[in-house]
Amino acid sequence: MLAGKRILLIIGGGIAAYKSLDLIRRLRERGAAVTPVLTRAGSEFVTSLSVSALTGEKVYSDLFDLTDEAEMGHIQLSRVADLVVVAPATADLMAKMAHGHANDLASTLLMATDTPVLIAPAMNVRMWDHPATQRNLAQLLADGIRVQGPNSGDMACGEYGPGRMSEPLEIVAAVETALGQGPLTGKRILVTSGPTHEPIDPVRYIANRSSGAQGTAIARALAALGADVIFVTGPADAAPPAGVRVVRIETAQQMLQAVEEALPADAAIFAAAVADWRVASASLSKIKKDAGRLPVLEFAENPDILATISQRKTDRPTLVVGFAAETDDVITHATAKRVRKGCDWILANDVSPATGIMGGTENAVHLITADGVEEWPRMSKQSVADKLAARIAAVLC
Ligand code: C5P
């Protein structure tokens with residue numbers, strides 16, 4: 001609920017501005033008051049009349065409107081809200097924010113405000129992917145700006161890819177989180193992700209093909225619902241998401257130690273692809289290539305982190321979730337694994353090469369619980385993460 005909260009909503013100029021009308025309704029349904037600011041470009045897409053009708057408030061649009069200055073100066077306007085939301089945030093608005101421009105009402109308010117700012121970017125996929133936008137995005141994240149979306153999909157311009165503004169309800173969830181009202185606010189959740197590297201000697205190691213994409217998406221989804229996420233990651237390709245506490249490790253033994261140090265937690269999600277074995281005694285110096293002699297590696301078993309935490313007598317998280325990547329008899333193997341390891345849920349998937357899941361952007365999983373098996377349709381790894389996060393919230397809250 002957002003009762004008693006005031007949102008300063010800046011509507012930028014993009015076709016997604018039509019969704020901001022629905023966003024206003026959704027915010028007001030939850031009890032929030034909305035003070036609207038419509039940029040000149042925004043007013044090409046939605047009218048001031050519809051925005052004021054839906055907010056029930058005056059629409060601000062001009063920096064040099066003397067009546068407004070007399071009634072409420074732009075500095076004061078920037079401070080009336082609990083949160084400033086920019087939706088849609090165009091490439092131009094993001095650039096202005098990243099570089100500190102203040103040459104119209106919206107950019108001036110964004111410079112003058114002392115309240116948290118959340119942006120929902122929307123633009124053509126090429127504009128989103130452009131190095132300048134990505135530089136600006138990195139700067140905005142570094143400045144503490146919260147960013148919701150964009151989503152991937154068909155765009156109004158006929159292209160496909162990231163750039164679509166998040167749906168109104170996704171933005172509402174981000175608003176609730178930003179205001180400390182997310183369903184997982186106050187919950188501490190541990191997520192493991194990525195591969196582990198097991199040293200052979202100081203320069204060589206044994207690794208696996210995990211990119212860390214699914215674990216990263218899960219950490220992002222949980223943080224978006226307000227959870228305090230401790231993200232224990234091996235050396236993954238995927239960059240850790242914003243807003244989580246990152247603990248970097250290399251080996252399985254280091255991962256177990258980091259996980260144990262992070263307890264107690266309300267839930268633990270073990271998405272890492274942990275190496276089953278390590279080299280029993282890694283050489284402290286580089287193994288030389290001796291003519292005619294091949295090195296012999298002796299292996300030792302790594303700790304099973306998921307099983308260790310699932311079977312703890314003290315400080316066991318309320319909900320422990322494991323993954324099962326299988327290439328055949330997925331459900332049978334995963335169902336047995338849930339019982340053997342002692343975890344509550346298993347997300348099982350078929351990673352045979354034909355599925356393209358390993359290293360890809362999509363996943364098709366089965367959720368295995370004590371109650372049975374649920375088949376989820378094939379979807380993006382982020383959508384799997386969002387669905388899982390919502391389920392976790394339903395159990396913990
Ligand atoms: O036994 P298997 O590797 O198939 O189990 C996969 C699940 O167990 C994943 O959730 C993985 O993160 C976890 N795991 C672990 N420690 C290991 C091996 C697997 O936590 N040493």
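Domain bounds here come from an automatic or database domain assignment. The structure is a predicted model, in which local features need pLDDT of at least 70, side-chain atom pairs count only at pLDDT 80 or more, and totals for chains, interfaces and linings use all residues. Residues are numbered from 1 along each chain as its sequence is written, and side-chain values use heavy atoms, with hydrogens and water left out.

**Exercise 1.** State the domains of the chain and the separation of their centres.

*Solution.* The assignment yields domain 1 (6-178) and domain 2 (188-396). Taken over C-alpha atoms, the centres of domain 1 and domain 2 are 37 Å apart.

**Exercise 2.** Describe how strand β8 is joined to strand β13.

*Solution.* Strands are DSSP runs (E, at least two residues), numbered from the N terminus; two of them pair if DSSP finds at least two bridges between them. Strand β8 (residues 188-193) and strand β13 (residues 267-270) run parallel and are joined by four bridges. Within this pairing, Thr192 has Phe270 of β13 as its bridge partner.

**Exercise 3.** Identify the surroundings of the ligand and its polar contacts with the backbone.

*Solution.* A residue counts as near the ligand if one of its heavy atoms lies within 4 Å of it. The residues around the ligand include Phe270, Ala272, Pro303, Phe323 and Lys337. A polar contact is a pair of N or O atoms within 3.5 Å. Ligand oxygen atoms lie 2.6 Å from a polar backbone atom of Ala272 and 2.7 Å from one of Phe323. A ligand nitrogen atom is 2.8 Å from a backbone N or O atom of Pro303.

Terms used
A polar contact is a pair of N or O atoms within 3.5 Å; within protein, one must be able to donate a hydrogen and the other to accept it, and residues adjacent in sequence count only if both atoms are side-chain atoms.
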